[in-house]
Amino acid sequence: MRLKKSGVVVELLKCNSEGDIDLEELNRKIDQHTRLVAITQASNVIGTIVPVADITEISHKKGAMVLIDGAQAAPHLEVDLNKIGCDFYAASGHKMLGPTGTGILFFKKEYFEKLQPLNLGGGTVSDVYADSYKLVKNWERFEGGTPNIAGGIGLAVAVDYLRAIGMSEIRRHEIELTAYFIEKLKRINGVRVHGKMDPEKRTGVVSFAVRDIPSHRIAVIADELGNVAIRSGLHCAFLLTRDILQEEQGTARASFYLYNKKDEIDHFIEIIKGIAGNG
Ligand SMILES: Cc1ncc(COP(=O)(O)O)c(C=O)c1O
């Protein structure tokens, strides 16, 4: 929407309530003027895993670049950028056990000279003249000023930690927990569970609503009664949560990771039953 202000034409591709987009519609929408297709690999609201390799192939055939938001995918899935083939891939550090304020932006080498650094500052230039400057020849040109050194080290340690456990093992554990939770959750009267029911097709973020109870209230009760921390509201995805899922009051969202256990789910399910009035 900000790009729109500088004359860029921005088109939205709508998904259905399970987070699927129509690949034929995508193919139709991309024309010779399309520069970039930006897509999220895994929904932060309903966990849907998007076929990003297919989307990249369709986009590249038509000459468009592809940017993937992997914030909810990189921490949970085995991501192979060579297989996906995208031009840009972003992920955030704090969602993969790293420190806040860290993240990753991958782009193909061919864009190195084409991209202008967002900020200039210490470390970005190799030479300065009275009326011009030369940028350094490595990635440091994109990191103006003193970087978040401690954060970078912390992120690398987090990556090593996840790798040592193995992303396939993390995924296996999450599928098990997600299946277990959804199975119990959908049996509670008055609860609406959103997204795909098949745990293989989603990550471990599970959005739900209970009767007409505001989602923030569910989160507060879960915290105060059960010491369970969940996210609630519109999840920075207003169009999906409010317009597509039709949850005006937002959803409550449980999100599982490698440290969660089944008995925590049992405990949480009892709290939800109480909130729904069938406890
Ligand atoms: C899909 C998705 N993209 C982007 C972000 C933003 O990440 P960050 O806060 O690291 O900028 C989030 C969560 O905050 C997210 O879930």
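**H7 and H9**

I began with one helix pair and noted that H7 and H9 are oblique to each other. I read this off a predicted model, in which the axes of H7, residues 215–226, and of H9 come within 10 Å and cross at roughly 125°. The handedness of the crossing of H7 and H9 I recorded as right-handed.

I then listed who meets whom: on the H7 side I have Ile 218, Ile 221, Ala 222, Leu 225 and Gly 226, and on the H9 side His 267, Phe 268, Ile 271 and Ile 275. Sorted by class, the contact of H7 with H9 has seven nonpolar and two polar residues, and no charged ones.

I stayed with Ala 222, which lies in helix H7, and asked whether Ala 222 is buried or exposed. I counted 21 C-beta neighbours inside 10 Å, and since 20 or more are needed, Ala 222 counts as buried. Leaving out residues up to four places away in sequence, I found Ala 222 touching Val 228, Ile 230 and Ile 271, the last of which is also among the H9 residues that meet H7. I also took the C-alpha separation of Ala 222 and Phe 268, which is 7.6 Å for two residues 46 apart along the chain.

**H6 and H9**

I next looked up the packing of helix H6, residues 167–185, on helix H9, residues 262–276, and noted an angle of about 20° with the axes 10 Å apart. That angle makes H6 roughly parallel to H9, and the way H6 passes H9 is a right-handed crossing.

For the residues, I wrote down Leu 177, Tyr 180, Phe 181, Lys 184 and Leu 185 from H6, meeting Lys 262, Ile 265, Ile 269 and Ile 272 from H9. The contact of H6 with H9 divides into seven nonpolar and two charged residues, with no polar ones.

**Val 45 and His 194**

I moved on to Val 45, which I located in the loop between strand E1 (36–40) and helix H3 (52–61). Although Val 45 sits in a loop, it is buried, with 26 other C-beta atoms within 10 Å. I asked which residues Val 45 touches once those up to four places away in sequence are not counted. The list I obtained is Ser 207, His 235, Ala 237, Leu 240, Thr 241, Thr 251 and Arg 253. I added the pair Val 45 and Ala 252, which are 207 residues apart in sequence and 9.4 Å apart in space, C-alpha to C-alpha.

His 194 I placed in the loop between strand E7 (191–193) and E8, and I noted that His 194 is buried, with 24 other C-beta atoms within 10 Å. With its neighbours within four places in sequence left aside, His 194 is in contact with Ile 46, Ser 207, Phe 208, Leu 245 and Thr 251. Ser 207 and Thr 251 thus appear in my list for Val 45 and again in my list for His 194. The C-alpha atoms of His 194 and Ile 46 are 6.3 Å apart, with their positions 148 residues apart in sequence.

**Positive phi values**

I checked two residues other than glycine for their backbone angles, and the phi of Arg 211 is near 45°, a positive value, while that of His 235 is near 55°, likewise positive. Arg 211 belongs to the loop between strand E8 (205–210) and H7, and with 12 C-beta neighbours inside 10 Å it counts as exposed. His 235, one of the residues touching Val 45, belongs to the loop between strand E9 (231–233) and helix H8 (238–244). With 19 C-beta neighbours inside 10 Å, His 235 counts as partly exposed.

**Ligand shell**

I asked which residues are around the ligand, and I noted Thr 40, Asn 44, Asp 69, Ala 71, Gln 72, Ser 92 and Gly 103. By class, I entered this shell as one nonpolar, five polar and one charged residues.

**Whole chain**

To close, I looked up the overall figures: the protein chain has nine helices and 10 strands, and its C-alpha atoms fill a box of roughly 75 × 45 × 35 Å along the principal axes. Of the 279 residues in the protein chain, 27% are buried. Among contacts between residues at least 6 apart in sequence, I noted that 58% join residues at least 24 apart.

Terms used. Residues are numbered from 1 along each chain as its sequence is written. This is a predicted model: local features need pLDDT of at least 70, side-chain atom pairs count only at pLDDT 80 or more; totals for chains, interfaces and linings use all residues. A residue is near a molecule or strand if its C-beta atom, placed from the backbone, lies within 6 Å of it. Ala, Val, Leu, Ile, Met, Phe, Trp, Tyr, Cys and Pro count as nonpolar, Asp, Glu, Lys and Arg as charged, and the others, Gly among them, as polar. Axes are lines fitted to C-alpha atoms, for helices over the stretch in contact, and angles run from 0 to 180 degrees between N-to-C directions. Helices (H or I, at least four residues) and strands (E, at least two) are DSSP runs, numbered from the N terminus. Angles under 35 degrees count as roughly parallel, over 145 as roughly antiparallel, 65 to 115 as roughly perpendicular and the rest as oblique. A crossing is left-handed if the near helix is turned anticlockwise from the far one by less than a right angle, and right-handed if clockwise. Two residues are in contact if their C-beta atoms, placed from the backbone, lie within 7 Å.
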